[in-house]
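Here is a structure to explore at your own pace. Have a look at it first, and then we'll walk through it together.

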Amino acid sequence: MPEPRPQSGRSPAAPLAEREFAARLEADRRRLWTIAAAILGSPHDAEDVVQEASVIALGKLEQFQRDTSFLAWMGQIVRFVALNQMRRRQRDRAVAVEPDAVGAAPVDAPPVEGEFRGELLAAVHTLEETPRTCLLLRIVCEMSYREIAAAMEIPEGTAMSHVHRSRAALRKRLSRWESPLVQRTA
Amino acid sequence: MAEDRDSLLERYFDGDLPQQQRRQLEADPEARSRIALQRQIDAGLRDIFSAGVPDAGSIPIESARRARGDLSWARLALYAAVIVILAGAGFWFRHSISQRNTFNPMRSPERIYDRLVRAGFEPEFVCEPGPEFVAAVADRFGEGLDIEPAAGVRVIGWAYDSDRPAAGSAYTGTILSEDMLILMAYVQEQPVIVLMDRLEADDRPRLAPGSDLHQFRRRLDDFVLYEVTPLGRARLLRDFTAP
């Protein structure tokens, strides 16, 4: 699905008006929220990240160029804010001497129901941030590789590779959940 | 070979595989098993990463002001529009996916607001902004918050969530946690409350659908604050500061 590009008829150099910003933000809200959730590794706090990013973006509207992708521009700000929050979390966890569980969900991860979902969330946290974001944009937002590439500012082939490898990595880590009827017996 | 199968599987998941090859893959028990697992993974990811809900919270006005200088009415209108958009989308999204945050009348902040207003809106503990205010918060949470005096705002003191059902009741929860403080104030002569608790206790309380009240959320350091107000926008939240 192509990214919505309102036809305002304005010069590419004209700054984005705040009303336009609000409209574009709403059009991409779901995707931006997913980027934040993917980087944080959980949906919790994704809303705060998008809100904080929106405030920052409002102060930089003159920097947005109309002939470029709003999702890429806004996504970059969301990634920046989310990564900052991740660093703060890691610092806080270090101070609080949280138990070090490699690959475990962050301490504020939402409660998950069921053993499979718990393992899935833990497996997702073993992925690097960029592959994880590509994977979730593909699966949760059903974006094309071209759209993911634009949003993440990476080549299309790289976006595809991230998704393929991430899917395979998750299947491998969760292989015990494959149907026992067709598992190898020897 | 395993690699060939993995490659075919990825093309299968991307919908790029011709029909004949799809059928061949689906006829392979091992591939079929992996397809089933991937579908289970996809469904799980959609479930988990669709469950976080944009809350009916406000754009942090204080941060916006710092970032952008003075606030024009046009800018405030924009923030309000963004709030309404996020709140509306969040409301729909939360209702459609998450049962965790559905409205619970026993846990609604309206319950506290209504109780306090019915009782004459008298604080249990009178307190004004300043050192006494900071100390009261620190006494409860281990770290303090202050609120800056502002025109049109009259902070009158604290209340406590003493309206909890008796032991043995079916309802055993609280709005946030048992430590929650309730700040009482008048804004433009309207009674307004702020629920204050540790961030870790935040359970995203909700107002009743169609409520006459409005609720705004702010996260400040390790605190979460909910302003419950009959007014259309948050007025107290932006005045909180971490000393």
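What follows is a tour of the two chains, their cores, one strand and one arginine.

Keep in mind from the start that this is a predicted model. Let's begin with chain A, which has seven helices and zero strands. If you read along its sequence, you simply meet one helix after another, in the pattern α-α-α-α-α-α-α. Chain A has 186 residues, and 49% of them are buried. Its outside comes to about 9,100 Å² of exposed area, with carbon and sulfur atoms supplying 53% of that. Take the contacts in chain A between residues at least 6 apart in sequence, and 67% of them turn out to join residues at least 24 apart.

Chain B mixes things up, with seven helices and eight strands. It has 243 residues, of which 51% are buried. About 11,500 Å² of chain B is exposed, and carbon and sulfur atoms account for 50% of that area. For contacts in chain B with a separation of 6 or more, 63% come from residues 24 or more positions apart.

Now for the inside. In soluble globular proteins, nonpolar side chains tend to be buried together. Here, the largest nonpolar core has 59 residues, and the ones with the most contacts inside it include A:Phe21, A:Trp73, A:Leu120 and B:Leu45. Notice that those names come from both chains. Each of the helices α1 (18-40), α2 (46-58), α3 (70-96), α4 (115-125), α5, α6 (145-152) and α7 (156-173) of chain A supplies at least two residues of this core, and so does α3 (29-48) of chain B. The top contributor is α1(A), with eleven residues.

To see how the chains meet in this core, zoom in on A:Leu120. Leaving out residues up to four places away in sequence, A:Leu120 touches A:Leu170 and A:Leu174 in chain A, plus B:Ile41, B:Gly44, B:Leu45 and B:Ile48 in chain B. There's also a second, separate core of 26 residues, and B:Val153, B:Trp158, B:Leu225 and B:Leu237 are among its members.

B:Leu225 is a handy stepping stone to strand β7 of chain B. How many of the seven residues of β7(B), 223-229, are buried? Seven of the seven are, leaving the strand mostly covered. B:Phe223, B:Leu225, B:Glu227 and B:Thr229 point one way from the strand, while B:Val224, B:Tyr226 and B:Val228 point the other way.

What does β7(B) pair with? One partner is β5(B), residues 190-198, which runs antiparallel to β7(B) over six bridges; there, B:Asp197 stands opposite B:Val224. Another partner is β6(B), residues 214-220, also antiparallel and joined to β7(B) by seven bridges. In that pairing, B:Arg218 sits opposite B:Leu225. β6(B) and β7(B) form a hairpin with two residues between the strands, and B:Asp221 takes a positive phi near 50 degrees in it.

One last stop takes us back to chain A. A:Arg132 is found in helix α5(A), residues 129-139. Which side chain of opposite charge is nearest to A:Arg132? That's A:Glu129, 4.8 Å away, and the buried A:Arg132 has no salt bridge. A salt bridge needs the charged atoms within 4 Å. Setting aside neighbours within four places in sequence, A:Arg132 is in contact with A:Ala38, A:Ile39, A:Leu40, A:Gly41, A:Val124, A:His125 and A:Leu127.

Definitions and conventions
Residues are numbered from 1 along each chain as its sequence is written. Chains are lettered from A and ligands numbered from 1 in the order in which they are written. This is a predicted model: local features need pLDDT of at least 70, side-chain atom pairs count only at pLDDT 80 or more; totals for chains, interfaces and linings use all residues. Side-chain values use heavy atoms; hydrogens and water are left out. Helices (H or I, at least four residues) and strands (E, at least two) are DSSP runs, numbered from the N terminus. Buried means under 20% relative accessible area, exposed over 50%, partly exposed in between (1.4 Å probe, protein chains only). Contact means heavy atoms within 4.5 Å. Accessible areas come from the Shrake-Rupley method with a 1.4 Å probe; for residues, only the protein chains shown count as cover. Two strands pair if DSSP finds at least two bridges between them. Lys and Arg count as positive and Asp and Glu as negative; His and the chain ends are not counted. A nonpolar core is a set of buried Ala, Val, Leu, Ile, Met, Phe, Trp, Tyr and Cys residues joined through side-chain atoms within 4.5 Å.
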